[in-house]
Structures are given as structure tokens and as C-alpha cells.
Amino acid sequence: MELENNTQIPKFLLLEFSEEPEQQPLIFVIFLSMYLITLFGNLLIILLVSSDSRLHTPMYFFLSNLSFVDICFTSTTIPNMLWNIQTQSKVITYEAYCFTQIYFFLLFVQLDDFLPTVMSYDRYVAICHPLHYTVIMNAWLCALLVLVSWMIGALNSLLQTLLALSLSFCTVLEIPHFFCEFKEVIQLACSDASLNKTMMYFAVGLLGGGPFAGICYSYSRIVSSIHRISSAHGKYKAFSTCASHLSVVSLFYCTALGVYFTPAVTHNSHSSVTASVMYTVVTPVLNPFIYSLRNKDIKRALRKFFRMATILEPIVLRQKKC
């Protein structure tokens with residue numbers, strides 16, 4: 001392969017999941033279904049939270065932000081993968097799309113990292129300091145936490161992407177993935193990528209490990225508070241809620257950190273793709289069910305929403321006839 005020069009622009013080939021043509025329709029249907037579930041489930045949560053005044057609380061404010069991020073997160077990778085399967089094309093251009101995808105992927109994966117941490121802090125304050133909850137979790141602090149999350153994510157994504165753009169690549173490169181996965185891309189550079197790898201590991205350790213430690217601390221304090229609940233039913237309900245939240249968080253962090261901290265000598269492309277699917281596709285699908293659709297407030301808002309839709313439908317039809 002020749003190094004990049006002024007006349008040849010590098011192209012990346014996404015090898016995705018399988019080279020077998022008969023498996024492509026099944027993969028297409030599975031990922032399209034998961035994308036649509038993620039899209040409509042999270043859109044429904046945003047609609048319910050914005051339309052029901054009883055859901056205008058810090059917890060649901062953070063949840064609606066997480067839903068928006070999950071929609072953007074999956075939309076960064078899945079539509080392009082579906083298009084490639086449909087058109088039977090594996091080529092993704094260098095600066096025009098690959099590094100644009102890297103930037104937005106890094107941004108939204110970090111937000112999917114920060115927002116559950118903020119939500120765990122909100123639950124910690126609500127359960128461990130209920131009398132001070134409204135004072136601590138005021139509107140200003142909630143907006144600040146979300147804004148800081150976006151700012152840190154945007155700045156780190158921009159830094160990592162600009163560093164990656166400074167690398168030289170060969171004219172045609174094969175990425176054993178279904179999107180331009182950041183670690184895979186910098187490993188394929190023809191020039192020295194030691195600075196990129198150092199910054200990547202530093203960012204993953206600090207911006208990934210730090211929030212995960214915060215979530216573990218918050219839930220450890222929550223569990224210790226739950227032990228003081230006298231009602232057995234109350235304990236069971238609280239433990240089941242914490243367990244479901246922690247299961248999704250653990251799935252996200254274990255697979256994401258595993259992808260980035262797996263040594264190159266033991267790296268397996270199939271395992272890496274499977275782990276990436278877990279935190280980029282499966283977790284956003286599960287979030288609406290785990291965080292909200294099991295919640296009685298969301299269920300009440302959902303029933304109210306469908307009652308209003310049933311009432312308004314005949315009125316709209318009569319107006320159309322007039």
C-alpha cells in the first residue's frame with residue numbers, strides 16, 4: 001500500500017459482521033428493528049416528559065436528555081450500516097464521513113457515560129437526603145450538570161478527532177467493524193500514533209472510569225439507605241430498581257472499557273464488534289424500558305397521553321371533513 005499523497009485520498013472499508021450474503025438480510029432486519037425500538041421508545045419518553053407537568057422534575061429532565069442522546073448515539077452508526085448492507089457497499093470516505101462519524105460517536109458515547117452518573121447522583125440525593133432534595137437539585141444545578149457534560153464531551157471529542165486527523169493513512173484500509181471505531185482507526189495509521197493512543201487511554205480512564213466510580217459510590221450509599229427501610233416490600237422494590245439500573249450501567253461500562261483497554265496482542269475483531277454492539281446498540285434499546293417504562297409515573301403519563309389521543313382523534317377527523 002502507498003502512503004497518502006496529494007492525489008490519493010484514503011478510503012476505509014467497513015468489514016462489518018459477515019461476508020456471507022445470505023446472512024445480510026437477517027442482520028439488516030435485526031439492526032433495523034433495534035434502531036426503530038430505540039428511536040420510538042426514546043422519542044416517546046421525550047414526548048411524555050415534555051407534555052406532562054408532573055414529570056417536570058430533575059430525574060425526568062435527565063432522563064429526557066439521556067433519551068435524546070441515545071437517539072443521536074445510535075443514529076451516528078446504525079443508519080450508515082443499514083445503508084451499506086442495502087447497497088452492498090463497504091466504502092466510507094476519509095474526512096467527509098469517517099472522522100465526522102468519529103467526532104459524533106465520541107461525543108455521544110461520553111454523554112451516555114456522564115448522564116447516567118448525573119442520574120445516579122440525583123437518586124442518591126433523593127434517597128439519602130430527601131429533606132434537602134429540592135434545595136440541592138434545583139433547576140440551575142440540573143441545567144449546569146447537563147451543560148458541563150456536553151462541554152466536556154464536545155471538547156474531548158474535538159481534541160481526539162483533530163489528533164487523529166493529523167495521522168497519515170494508506171490509500172485503502174480495512175476496518176473490522178460496522179462503523180469507524182476510533183481505536184481501530186488509529187491502529188491502522190501509517191505514521192506514529194503513540195500520542196493518540198496515550199490521549200485515548202487517558203481520556204477513557206479519566207472520563208470513563210471516573211463516572212463509573214461515581215455511579216458505584218452513589219448506588220453503594222443508596223443500598224445502605226435501603227437497608228434501613230422497615231417494609232420488606234419496599235426493600236424488594238428499591239433493590240429491584242437499583243439492580244436493573246446497575247445491570248444496564250455495568251453492561252455499558254464493561255463492554256466499552258473492555259473494547260478500549262484490550263491489549264492489541266490479544267485483540268479479537270469478532271469479540272470487539274460484539275462488545276461494541278452491546279454498548280452502542282443494546283444499551284440504548286434497554287434504557288427506555290429500564291429507566292422509565294417500568295416506572296409508575298411514566299405509565300400514568302402514557303395512559304393520559306393515549307386517552308388524550310383517543311379524545312382528540314374524532315375532533316380532528318370532524319375538522320378535516322368540514
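These legends walk you through several close-up views of one protein chain, shown here as a predicted model.

**Figure 1. The whole chain is built from 10 helices and three strands.** Start here to get your bearings before zooming in. Reading from the N terminus, the elements follow the order β-α-α-β-α-α-α-β-α-α-α-α-α. The protein chain has 322 residues, and 45% of them count as buried. Its accessible surface adds up to about 16,400 Å², with 68% of that belonging to carbon and sulfur atoms. Now think about contacts between residues with a separation of 6 or more: 80% of these in the protein chain join residues 24 or more positions apart.

**Figure 2. Several stretches of the chain carry a "transmembrane region" label in UniProt.** According to the unreviewed UniProt entry, this feature is placed at residues 26-48, 60-82, 94-111, 131-155, 199-217, 238-261 and 273-293. Two of these stretches make a nice pair to look at. Residues 131-155 are 84% helix and 0% strand, and the C-alpha atoms at the two ends lie 36 Å apart. Residues 199-217 are 100% helix and 0% strand, with 26 Å between the end C-alpha atoms.

**Figure 3. The largest nonpolar core brings together 78 residues.** Which members touch the most other members? They are Phe31, Ile102, Phe182, Val185, Tyr260 and Tyr279. Helix 3, which covers residues 94-128, gives this core its largest share, 15 residues. Take a moment to zoom in on Phe182. Beyond its neighbours within four places in sequence, Phe182 is in contact with Ile102, Leu106, Gln160, Ala164, Met200 and Tyr260.

**Figure 4. Ile186 sits in helix 6, which spans residues 182-187.** Is Ile186 buried or exposed? Its relative accessible area is 2%, so Ile186 is buried, as the limit for that word is under 20%. If we skip residues up to four places away in sequence, Ile186 touches Ala164, Leu167, Ala193, Asn196, Lys197 and Met200. Look for Asn196 among these partners: Ile186 and Asn196 are 10 residues apart in sequence, and their C-alpha atoms are 7.3 Å apart in space.

**Figure 5. Gln110 belongs to helix 3.** With a relative accessibility of 7%, Gln110 counts as buried. What does Gln110 contact, leaving aside its neighbours within four places in sequence? The partners are Ile152, Gly153, Asn156, Ser157 and Leu207.

**Figure 6. Met137 lies in a loop that links helix 4 (133-136) and helix 5.** Although this residue is in a loop, Met137 counts as buried, at 4% relative accessibility. Not counting neighbours within four places in sequence, Met137 is in contact with Pro58, Phe62, Tyr121, Asp122, Val125, Cys142 and Leu145. Pro58 is worth finding in this view. Met137 and Pro58 are 79 residues apart along the chain, yet 6.9 Å separates their C-alpha atoms.

**Figure 7. A nonpolar patch on the surface is formed by Trp140, Leu144, Leu147, Val148, Met151 and Ile152.** Together, these residues have about 580 Å² of accessible area. Pick out Leu144, which lies in helix 5 (residues 139-165). Its relative accessible area is 32%, so Leu144 is partly exposed. You may recognise Ile152 from Figure 5, where Ile152 is among the contacts of Gln110.

**Figure 8. Two salt bridges are present in the structure.** Side chains of opposite charge can pair when their charged atoms come close. In one of the bridges, the side chains of Arg54 and Asp52 meet, with 3.6 Å from N to O. Arg54 is partly exposed, with a relative accessible area of 47%, whereas Asp52 counts as buried at 3%. Arg123 also forms a salt bridge, with Asp122, and here the closest N and O atoms are 2.9 Å apart. Arg123 counts as partly exposed at 22% relative accessibility, while Asp122 counts as buried at 0%. Asp122 should look familiar from Figure 6, where Asp122 is one of the contacts of Met137.

Key. Residues numbered from 1 in each chain as written. Predicted model: local features only at pLDDT ≥ 70, side-chain atom pairs only at ≥ 80, totals over all residues. Heavy atoms only, no water. Core = buried A, V, L, I, M, F, W, Y, C linked by side-chain atoms within 4.5 Å. Buried < 20%, exposed > 50% of the residue type's maximum accessible area, 1.4 Å probe, protein only. Helix = DSSP H or I, 4+ residues; strand = E, 2+ residues; numbered from the N terminus. Contact = heavy atoms within 4.5 Å. Patch = residues over 30% accessible without salt bridge, like charges linked within 9 Å, V, L, I, M, F, W, Y side chains within 5 Å. Areas by Shrake-Rupley, 256 points an atom, 1.4 Å probe, with all protein chains shown as cover. Salt bridge = Lys/Arg side-chain N within 4 Å of Asp/Glu carboxyl O. UniProt positions renumbered as here; feature names shortened; annotations may be inferred.
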